[in-house]
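These are my notebook entries on a single chain, written while I went through its geometry and its side-chain contacts. I set down what I looked up, entry by entry.

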Amino acid sequence: MSDSALTPQSPAGRDASLSHHANSLLIHTRIRRSIWKIAFATLLLMAVGSATRVMNAGLACPDWPLCYGQLVPTAQMNLQVFLEWFHRLDAALIGLSTLLLVCSSWWYRHQLPTWLPWATTMAMGLILVQGALGAFTVTELLRFDIVTAHLGTALLFFITLLTIGTCLLPVSQSPNLQISSPPTPLLPLTAAIFVYIQSILGGLVGSRWALHQCFGNSELCAVMNSHIIGVVPATLSCLAVVIVVWRNANLPRSIRQLAAGTAGLLVCQILLGVATFKLHLQVAPLTVIHQTVGALLLGTLVVLTGLLWRLNRSTVINHSIDTARSSIRS
């Protein structure tokens, strides 16, 4: 151990250390809040994108990145043009916000977790892929595989932001109770994977108009049926998460609330799915809400996975500390 470590710190040194800690905490808080705001904007973007698709507005702006060669096509503006134009505007704002987030993460990297700049850079990479897919969606005239990949990448970006935001939660807001055997995060992670796959299948049904094709021409029924069958593993895995969490009364309130939210969103999603199926996708707002609630369910499971991972990690660390103390005493 060095002599400096044994030397009491002067009041001026303590003040400087406290000031540095306060500054780091402020930067940390700002970055975390920015991430949650971008995540909310991404959820809005996916809802608007869903509305754009179900309202047949995907090609309302025939060119890209401008709309009718203008930043704001006032002369051509109607509901369909507005949806496509606003979808692009929201996407551009998210892209700029993410770029600022990446720059801030690298600029303040010495005051932030070492993994954060790399994680935000990965999120920026997803934005670039998403932008390219958005351009191809227009130039390739709404090709179903590109439209589906566009949705899949948006969901990946969304859950990446939620994962980063959850890992940045301060200790006071993260689960740190003494629990001997907390539930494994693999359970909500598995449920999140099933819900993600189900969301992609739902996007594929929409982009190929499989429901209309199946009922009208008896075509693409396999696509529609795959989405219906996918309800089973997604539902069972979500119910397993809810049951396991609620059987453990010692879990933090935040985790139990997320489990309750998972149950509520699951019921809502099933009812919306049945109504959407019965009405043959004829009610556009219902379809948009169905896809938005699906994204919310996925996001809830991702946050729940992150919190349970932190809880398990904290439990392992505390157990190691207790073991070390017992060894020293013996």
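**Entry: backbone of the loops**

I looked up Asn56 and found it exposed, with a relative accessible area of 54%. The cut-off for exposed is over 50%, so the value of 54% places Asn56 in that class. Asn56 belongs to the loop between H2 and H3. I noted its phi as near 55°, which is positive in a residue other than glycine. The model I am reading is a predicted one.

For context I wrote down that most residues other than glycine have a negative phi, and that most peptide bonds are trans.

Which peptide bond is cis, with Pro65 as its second residue? I found that the bond runs from Trp64 to Pro65, and its omega is near 5°. Pro65 sits in the loop between helix H2 (11-54) and H3.

I then turned to Leu220, whose phi is positive, about 60°, although the residue is not a glycine. I located Leu220 in the loop between helix H7 (210-217) and H8. Leu220 is partly exposed, its relative accessible area being 25%.

**Entry: helix H8**

Which residues of helix H8 (residues 221-229) are buried? I listed Val223, Met224 and His227. Viewed down the axis of H8, the buried residues fall within an arc of 95°, and therefore they line one face of the helix. I checked the other side of H8 and found Ala222 and Ile229 exposed there.

**Entry: aromatic rings**

I recorded four aromatic pairs in the structure. In one of them, Phe82 and Trp85, the ring centres are 6.1 Å apart and the planes stand at 40°, so I entered the pair as tilted. Stacked pairs need planes under 30 degrees apart and edge-to-face pairs over 60, so the angle of 40° leaves Phe82 and Trp85 in the tilted class.

I placed both Phe82 and Trp85 in helix H3 (residues 79-107), where they are three residues apart, about one turn of the helix. Are these two rings buried or exposed? Phe82 has 37% relative accessibility and so counts as partly exposed. Trp85, at 18% relative accessibility, counts as buried, because the limit for buried is under 20%.

Phe82 also pairs with Phe86. I noted this pair as stacked, with 5.7 Å from centre to centre and 20° between the planes. Phe82 and Phe86 are four residues apart in helix H3, so about one helical turn separates them. Phe86 has a relative accessibility of 27% and is therefore partly exposed. I concluded this part with the cluster into which ring pairs link Phe82, Trp85 and Phe86.

I also looked for a charge over a ring. Arg208 lies over the face of Phe144, at 4.1 Å from the ring centre.

**Entry: salt bridges**

How many salt bridges are there? I counted three salt bridges.

I began with Arg88, which forms a salt bridge with Glu84; the closest N and O atoms are 2.9 Å apart. Both residues lie in helix H3, four residues apart, about one turn of the helix. I found both Arg88 and Glu84 to be buried.

I went on to Arg143, whose side chain meets that of Glu140 in a salt bridge of 4.0 Å, N to O. Arg143 counts as partly exposed, because its relative accessibility is 40%. Glu140 is partly exposed as well, with a relative accessible area of 36%.

Asp145 forms a salt bridge with Arg143, and here the closest N and O atoms are 2.7 Å apart. At 35% relative accessibility, Asp145 counts as partly exposed. I noted that salt bridges sharing partners join Glu140, Arg143 and Asp145 into one network.

**Entry: confidence of the prediction**

I closed with the confidence values. The chain averages a pLDDT of 87, and 86% of the residues score at least 70. Over residues 1-7 the pLDDT is below 50, and I found that this stretch has one contact beyond near neighbours in sequence in the model. Residues 172-177 also have a pLDDT below 50. Beyond near neighbours in sequence, the stretch 172-177 has 12 contacts in the model.

Notes:
Residues numbered from 1 in each chain as written. Predicted model: local features only at pLDDT ≥ 70, side-chain atom pairs only at ≥ 80, totals over all residues. Heavy atoms only, no water. pLDDT = per-residue confidence, 0-100. Contact = heavy atoms within 4.5 Å. Buried < 20%, exposed > 50% of the residue type's maximum accessible area, 1.4 Å probe, protein only. Helix = DSSP H or I, 4+ residues; strand = E, 2+ residues; numbered from the N terminus. Arc of directions from axis to C-beta. Phe/Tyr/Trp six-rings, centres within 6.5 Å; stacked < 30°, edge-to-face > 60°. Lys NZ or Arg CZ within 6 Å of the ring centre and 35° of its normal.
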